[in-house]
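Please go through the strand pairing and helix packing of this model, one question at a time. The answers should reason from the structure shown here.

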Amino acid sequence: MKILAFESSCDETAAAVVEDGRRILSDAIASQVDLHALYGGVVPEIASRKHVEAIAALTEQALAEASCTRRDIDAVAATYAPGLIGAVLVGLSFAKSMAFALGVPLIPVHHIRGHIAANYLAFPDLEPPFLALAISGGNTLIIDVRDYTDMEILGGTRDDAAGECFDKSARVLGLPYPGGKPMDELARQSPGGVYQLPNAHVDGAPLDMSFSGLKTAVVNLAHHAEQVGEPLDRAALARDFTAAVSRALVPRVMEAARQTGRTKIAAAGGVAANSFIRADLEAACAQEGRTLYLPPLRLCGDNGAMIGAQGYYEYLAGHTAGMSLNAYATREIGEPAQ
């Protein structure tokens, strides 16, 4: 089964063709990073307009790279939530038009489910049940993946997402947007251990996190150093900040694994590309004898292939939609699309 899939929840326009949920035939992405870097973050209106400009040509590219014609497409999948509402609407509306014109089913896909499904493309042997640590610019969640379309949130951030904290901290340290990769590179230049940063814990909720205090601490340290004329060890602060984020994530997902008895853990989302978090997850899983699945870096960020992968399993579960399907800025991972 060949699925034409679209992803447009933030600042990447993506179109892909995926076969049977496991094989990438094409994965075309048009990034807007350079444009939004001028503003230090994503400007929603600009993102939406750029999606409109890119999506038609990107679809042709995806079909050509997959050596497919429109007649070869069996279904169309698209992100319907969550994300920047204008951006999501562009991809979903285009997907609706494609599904209608081709006379094939329309499959709604939750963005976070898509990130988790990126692991199915990288690891053909991975099957539920397993735990997923979904960490990105907009979400930080510990999810029990009981089946391909049966998932339960066990814990997550109460405020800022881990990726948002990376971006905001990077800005304070004078690094470009998006901040994940520059922060990773800067952190490698120091052993850390210089700055004391708060733990992102929530009293009475051992699997939940709160990153707003950590982000504020980094901002205050940088501003205080500037105001009193003291030198700021930027590399050490980047390293200590990264270590604090990892301390919030890794022990909690391991505790969730102990509570649920899951022996497999998969990481997902843009923050899963961080080298320190990946290393800490590997060490923790090795210590407890659990199998870890880390997607390659190219599948950590937003892409269309992950939507096609999850779309296949949504289709098998009978989760298709009509032309009345709406887009949503926020949506729980277990809520039905309509």
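Q: Through how many residues does a hairpin join β7 to β8?
A: In this predicted model, strand β7 covers residues 140–147 and strand β8 covers residues 150–156, and the two run antiparallel, joined by six bridges. Within this pairing L141 stands opposite G156 of β8. The hairpin that joins β7 to β8 does so through two residues.

Q: Which strands stand at the edges, each with a single partner strand?
A: The open sheet is formed by five strands in the order β3-β2-β1-β4-β5, with mixed pairing. One side of each edge strand is left without a neighbour in the sheet, because each has a single partner strand, and the strands in question are β3 (23–31) and β5 (106–110).

Q: By how many degrees are neighbouring strands of this sheet turned against each other on average?
A: The sheet in question is the open one with the order β3-β2-β1-β4-β5. With direction ignored, the average turn between its neighbouring strands is 20°.

Q: Which residue in β2 does E7 stand opposite?
A: Strand β1, residues 2–7, pairs with strand β2, residues 12–19, in the antiparallel sense over six bridges. In β2, the residue opposite E7 is A14.

Q: What angle does the direction of helix α3 make with that of β4?
A: Helix α3, residues 85–102, packs on the sheet and touches β1, β4 (75–81) and β5. Helix α4, residues 111–122, lies across β1, β2, β3, β4 and β5 and runs at about 95° to β5. For α3 and β4, the angle between the directions is about 160°.

Technical notes:
Residues numbered from 1 in each chain as written. Predicted model: local features only at pLDDT ≥ 70, side-chain atom pairs only at ≥ 80, totals over all residues. Heavy atoms only, no water. Pairing = 2+ DSSP bridges. Helix = DSSP H or I, 4+ residues; strand = E, 2+ residues; numbered from the N terminus. Axes fitted to C-alpha atoms, helices over the stretch in contact; angles between N-to-C directions. Contact = heavy atoms within 4.5 Å.
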